[in-house]
Amino acid sequence: MTTMNDTAPRSAARDPQGGRSADRAQYGVCAFLALVGIAVIVDTSLLDAVTTTNDPIGPRPVPMLLGALLIVVSVVYAIDVARGGTGEPEGGEDVDLTASMNWRTVLLLVAVFVANALLIDWLGWVISGSLLFWGSAIALGSRRYFLGLAIAITLSLITFYAFAIGLGVNLPAGVLRGIL
Amino acid sequence: MDNLMDLLAGFGNVVTPANLLIALVGVTVGTAVGVLPGIGPAMTVALLLPITYGMDPTQAFIMFAGIFYGGMYGGSTTSILLNTPGESSSVITALEGNRMAKAGRAAQALATAAIGSFVAGTIGTLLLVLVTPAVVSFAISLGAPDFLAIIVLAFIAVTAVLGSSRVRGFASLLLGLVIGLIGIDLVTGQQRLTLGIPQLADGIDVVVVAVGIFAVGEALWVAAHLRRKAGEVIPVGQPWLGRKDWGRSWKPWLRGAAFGFPFGAIPAGGAEIPTFLSYVTERKLTKHPEEFGKGAIEGVAGPEAANNASAAGTLVPMLAIGLPTNATAAIMLAAFQSYGIQPGPLLFERESTLVWTLIASLFIGNLLLLVLNLPLAPVWAKLLRIPRPYLYAGILFFASMGAYAVNAQAIDLFLLLLLGLIGFGMRRFGLPVLPLIIGVILGPMAERQGRMALQLSGGDLSGLIGGPVSYVVYSVIALILLWPLARRYVRRAQRERLPA
């Protein structure tokens, strides 16, 4: 990965004219922070201002302070972005930051995840967990469907017997109650 | 001497066949999960926490101690054999370790890391035994305002000292503090930020937050950027050290331990600074400077020891004050809380048996790790080849299982996904994750101490600042916050002097 670019000045990320186009999506983060701040302030202002001698300030000042600080931080953040500041995306063993973001995989994973959350109480962990693993593996590019399904079923059976029955962890049996 | 007796009693509790088996399982599972690429020590502990839910606290903590050191060691194996480690504490190990492996000395790199981890872990745990009682007797004299000051210091330290951008650190911290607010206010019984959802009245469980931000966030982030080809794993046989390598390793181990422990124990701790300092020191002191950058064994031995000693160091403030200084310690604290046990000065009085058993299991886990890792290294290396779709599908699978197991309610899975998406966004925009976790855990504690302090002063704001301890702590905070400003002026002054 070492290229001639390594000799370029390191401060490029902070330089508005440094050739790299500014990461405008960061303004979305600022907006998110400000919205959370406003939501916290609104929610807090709906609380009763209970104060007693035991609790002279009551439940309101802390969230009010945090809401205000969130708005301040969102403004400072926006100024930083306007001046060319960027946050460095996180690297890792399996992360290839040179390729563009693969939204399709992410959305498929989210869909599989939601399906598990909706189905777990009804179908039970063994079935919904198998679907979660199998679906995620396919979304992530696995093309060996039968092997994936076999691993998924084995894994959820092992975890169910080892943790739910062996170690007393809360996992639902669902429709398979009485069979497992 | 009392402590020594307590520690011996703790060993007595661990050395039963059943408990030794639990320790062995903890170490094995911890290492196996920690080795997996993309899973750092904090995620290992968060993912494996739910499997201890059905056990009684003593056994749970015996297993936990094993998972803790196992996860740490697993991470260093990954960085030596695969390079580009996921967690910042192993970055330095990868520098020389991966080059040693590429030069055909993977066995020696793994051996010096394993033995160094054992030596430093043992020294660190011994220091923990010696130092913690003193910290406890200091902490017991502290009042509510002092605790508030120390917690604020932890907030400022993790946001302003670690990480490259302060405003991003503070954004992350504030999000964590807001998540910590959710639920019933313990003093007045009013619901804050629950949106009328009854399951939110008890707040969001810290395990759900940690698993969501670390595991789900990481899995989604990697999924969006998955490498077509997995990184190259270097094959390895049985780790061993020759006579010459022993001679080159033992001093870096000891120096690394000396760097690691104190940095782990202070609030701005973590392993990044001591591992870096150890690396720089070894490069300066080595008799083989030409090997640095090409795979010098000192550059693996020192930082690895520093990493493990700092992990032991983080347990001092965690146990004695209830103050986590890194993500792994934060999740350990959550584990204590899930058993209704609050770490802090009173812990050693109230739960004496449990704490000393935990400390004894740290020693034993460390020893088991050494016995286990030298012969099993080739097996761990195989784990690195696991196909990536299965690996990340497995992370989502275990994350869902753990989050559901906390309260047995499906709504936690939706919260988990929401937190995972926040974690995804934070990775995309370079927001550090640690301040958020620390904020979730320490936020409610800070509010409680602050309100207690104001109760004592009858609502007068001066009650927030207590005795000399809080003066000192607030001065340190001011120094940390003003430091970049001061540095800018110094630089400007120097620049103006230069042309003249």
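1. A helix axis is here a line fitted to C-alpha atoms over the stretch in contact, and the angle between two axes runs from 0 to 180 degrees between their N-to-C directions. With that in mind, consider helix α4 (residues 57–82) of chain B and helix α11 (residues 298–320) of chain B in this predicted model. Their axes lie 11 Å apart and the helices pack at an angle of about 155°. An angle over 145 degrees counts as roughly antiparallel. The helices α4(B) and α11(B) are therefore roughly antiparallel to each other, and their crossing is right-handed.

2. Which residues make this contact between α4(B) and α11(B)? From α4(B) come B:F68, B:Y69, B:M72, B:S76 and B:I80. From α11(B) come B:V300, B:E304, B:N307, B:N308, B:A311, B:A312 and B:L315. Sorted by class, the contact of α4(B) with α11(B) holds eight nonpolar residues, three polar ones and one charged.

3. A second helix pair in chain B is formed by α12 (residues 327–338) and α17 (residues 434–456). Their axes come within 9 Å and cross at roughly 35°, and the crossing of α12(B) and α17(B) is left-handed. On the α12(B) side the residues are B:A327, B:A330, B:L333 and B:Q337. They meet B:L434, B:I437, B:I438, B:I441 and B:M445 of α17(B). The residues of this contact of α12(B) with α17(B) comprise eight nonpolar, one polar and no charged.

4. Turning to chain A, its secondary structure amounts to five helices and zero strands. Read from the N terminus, the order of elements is α-α-α-α-α. Of the 180 residues in chain A, 39% are buried. Among contacts in chain A with a separation of 6 or more, 58% join residues 24 or more positions apart.

5. How are helix α1 (residues 26–45) of chain A and α2(A) arranged? They pack at an angle of about 165°, and their axes are 8 Å apart. The cut-off for roughly antiparallel is over 145 degrees, and α1(A) and α2(A) are therefore roughly antiparallel to each other. The crossing of α1(A) and α2(A) is left-handed. Their contact includes 19 nonpolar and six polar residues, and no charged ones.

6. The residue A:S74 sits in helix α2 (residues 61–82) of chain A. Is A:S74 buried or exposed? Buried means under 20% relative accessible area; at 7% relative accessibility, A:S74 therefore counts as buried. Leaving aside residues up to four places away in sequence, A:S74 touches A:C30, A:L33 and A:A34.

7. Another residue of helix α2 of chain A is A:P61. In contrast to a buried residue, A:P61 is partly exposed, with a relative accessible area of 35%. The C-alpha atoms of A:P61 and A:W103 are separated by 41 Å, and these residues are 42 residues apart along the chain.

8. The two chains meet over an interface in which 81 residues of chain A are in contact with 72 residues of chain B. Chain A and chain B bury about 6600 Å² between them, and 71% of this area is on carbon and sulfur atoms. Which three residues supply more of the area that chain A buries against chain B than any other three? They are A:E93, A:D94 and A:F113, which supply 13% of that area.

9. Two loop residues of chain B deserve a comment on their backbone. Phi of B:L193 is near 55°, a positive value in a residue other than glycine. B:L193 is found in the loop between β2 (191–192) and α8 (206–224) of chain B, and B:L193 is buried, with a relative accessible area of 13%. B:A408, also not a glycine, has a positive phi of about 55°. B:A408 lies in the loop between α15 (388–407) and α16 (411–428) of chain B and is partly exposed, with a relative accessible area of 34%.

10. A further loop residue is B:S165, placed between α6 (144–161) and α7 (166–181) of chain B. At 15% relative accessibility, B:S165 counts as buried. Along the chain, B:S165 and B:G256 are 91 residues apart, and their C-alpha atoms are separated by 28 Å.

Conventions
Residues numbered from 1 in each chain as written. Chains lettered and ligands numbered in written order. Predicted model: local features only at pLDDT ≥ 70, side-chain atom pairs only at ≥ 80, totals over all residues. Heavy atoms only, no water. Helix = DSSP H or I, 4+ residues; strand = E, 2+ residues; numbered from the N terminus. Buried < 20%, exposed > 50% of the residue type's maximum accessible area, 1.4 Å probe, protein only. Contact = heavy atoms within 4.5 Å. Parallel < 35°, antiparallel > 145°, perpendicular 65-115°, else oblique. Left-handed = near helix turned anticlockwise from the far one by under 90°. Nonpolar A, V, L, I, M, F, W, Y, C, P; charged D, E, K, R; others polar. Buried area = accessible area lost by both parts, 1.4 Å probe.
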